[in-house]
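Trainee: I would like to go through this structure step by step. Where do we start?

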Amino acid sequence: MFVNVDTVHDSPNFPEQVDVVVIGAGIVGTTTAYELACRGVSVALLEKGLIGCEQSSRNWGWVRQQNRDMFELPLAMHSLNRWEAMSGEIGRDVGFRRSGIVYTTDNPESLAKWEAWGEKARAHGFVSQVLTAEQAHERAPGTTSRWLGGIWSPTDGHAEPAMACPAIASGARERGAYVHQNCAVRGLELSGGRISGVWTERGLIRTSSVICAGGAWSSRFCRRHGVELPAANIMGTTVQTTTAPEVTPGCLTTPKIALRRRLDGGYTLALPGRGRVEISPQGLRYATKFYGAYRSKLAKKLQVRVGRSFFQGPEAAGSWQFDQISPFERQRILDPTPDMVQARAALAGLHAEYPSLKGVHLARAWGGMIDTTPDMVPIISPVEAIPGFIIASGFSGHGFGIVPAAGQLTADLITGATPVVDPAPYHIDRFARGSRIRQPEMM
């Protein structure tokens, strides 16, 4: 089911030449294009479908520092400040509210893990509060569960996915970026081993720098040019409820459900950690790199099955010519079917947790495809084999909250500016043949 996103108007003119082309107008691509436009860089933001209509409008909307992989925490901390400033800069509401995030648990191992994480996070300057059982219930009153405790991060927040991406894209266009939807990039034009342009369905745009921010489609695009981008696309299901009384102003995770208060008065719900992986040519190609991830506790709730991904979509096999219709045009908007069993279970979990909300119903449910790396840390990296080509992808379901800083970092790398954070942890070479892959630490 498509998610309703705010409308973005295309630029009146199509460019013949720009400094930078950004492929993909999800939250990563739009934020990067915005940062480049603010620096006076000539940039074209190209989207095969409509802006923000894939995973960027289908995520939970959490903007958090709490429980990040330590490699992601610097990006998350820097992003919180950018989220807060962005609405004022752009002149449009991106839906950001700094309302805090609460995690609760009845598992002593989880509580110990959060406490240990908090000790490491203090070294980065981030402080959260470990909650007793009584304090956890004070932060989320009205529940039926008897929690052992929890953790509270008051400086975290949330934003509205359907608002944020279009607002940022419009801000980029108003600062001089070319923005064009229904315009797929079919491939890179190379001259002497360097980028000299991109082939789109509307023709060639000359450029010396390209950023691939194609989300679930990035790996297939890169393979067309001999670049190995290990990625697995995980399909998740998210639920929107009808209007409901407020039980939390922000985000809350319990052992049963994860929920976020929406600006429209309902909740966004999901079952934490649940998802589906389909067997596909791309999945088989990178299976050994994901061996550690699939064996970890993080993958215990994933369902593996055969589906359409083997024959079509971002994980299928096959090549194409740049003067022919590409796979990106055949599937303008990736719209996976939601798992209604999960959707109903999420709503039942809400009713069980909060008896006062038993009159709340499921308004809609949607599926999303999350591009995931073997260590669940994003790739924000130049490709040494193709000078001028940078990948910003593989955000593993964590991208929405950290993209303001990720967009800045990507813009830094493409322009040669001093990086806003150390880019080394996000380099693609960490997945090179023979390299040891870290176990996922994301919670």
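Mentor: Start with a cut-off: a residue is buried when its relative accessible area is under 20%, exposed when over 50%, and partly exposed in between. Keep in mind that this is a predicted model.

Trainee: Take helix α5. How many of its 14 residues are buried?

Mentor: Helix α5 covers residues 161-174. Its buried residues include P161, C165, I168 and A172. The helix is mostly covered, and the buried count is eleven.

Trainee: What span does α5 reach from its first C-alpha to its last?

Mentor: The helix has 14 residues. At 1.5 Å a residue, 20 Å is expected. The model comes close to that, with a reach of 20 Å.

Trainee: Which elements do the buried residues of α5 pack against?

Mentor: Among the buried residues are A164, A167 and G171. The partners of the buried set include helices and strands. They are α1 (27-38), β2 (43-46), α2 (73-90), β8 (178-180), β15 (258-261) and α11 (399-415).

Trainee: Which residue just after α5 takes a positive phi?

Mentor: Helix α5 ends at residue 174. The residue in question follows just after, with a phi of about 110°. That is G176.

Trainee: Now salt bridges. Which residue does E174 meet in a salt bridge?

Mentor: E174 lies in helix α5, and its partner sits in the loop between α2 and β4 (101-105), so the pair ties together parts that are 82 residues apart in sequence. E174 is partly exposed at 44% relative accessible area, and the partner counts as partly exposed at 29%. The side chains meet at 2.6 Å, N to O, and the partner is R92.

Trainee: How many residues apart in sequence are the parts that R332 and E201 tie together?

Mentor: The side chains of R332 and E201 meet in a salt bridge of 2.6 Å, N to O. R332 is in the loop between α9 (327-330) and α10 (340-353), and E201 is in the loop between β10 (194-200) and β11 (203-206), so the pair ties together parts whose separation in sequence is 131 residues.

Trainee: Is E278 buried or exposed?

Mentor: E278 forms a salt bridge with R276, with the closest N and O atoms 3.8 Å apart. R276 counts as buried at 10% relative accessibility. The relative accessible area of E278 is 7%, so E278 is buried.

Trainee: How many salt bridges does the structure hold?

Mentor: Some are joined up: E35, R82 and E89 are linked in a network of salt bridges. Others include the pair E174 and R92. The structure holds 21.

Trainee: Which residues make the nonpolar surface patch of about 620 Å²?

Mentor: One of them lies in strand β17 (residues 275-279). That one is I279, partly exposed because its relative accessible area is 33%. The full set is I279, L284, V304, V306, F310 and F311.

Trainee: What distance separates the centres of domain 1 and domain 2?

Mentor: Domain 1 is 20-100 + 155-431, and domain 2 is 101-154. Their contact takes 29 residues from domain 1 and 26 residues from domain 2. Taken over C-alpha atoms, the centres are separated by 27 Å.

Terms used
Residues numbered from 1 in each chain as written. Predicted model: local features only at pLDDT ≥ 70, side-chain atom pairs only at ≥ 80, totals over all residues. Heavy atoms only, no water. Helix = DSSP H or I, 4+ residues; strand = E, 2+ residues; numbered from the N terminus. Expected span 1.5 Å × (residues − 1). Buried < 20%, exposed > 50% of the residue type's maximum accessible area, 1.4 Å probe, protein only. Contact = heavy atoms within 4.5 Å. Patch = residues over 30% accessible without salt bridge, like charges linked within 9 Å, V, L, I, M, F, W, Y side chains within 5 Å. Areas by Shrake-Rupley, 256 points an atom, 1.4 Å probe, with all protein chains shown as cover. Salt bridge = Lys/Arg side-chain N within 4 Å of Asp/Glu carboxyl O. Domains from an automatic or database assignment.
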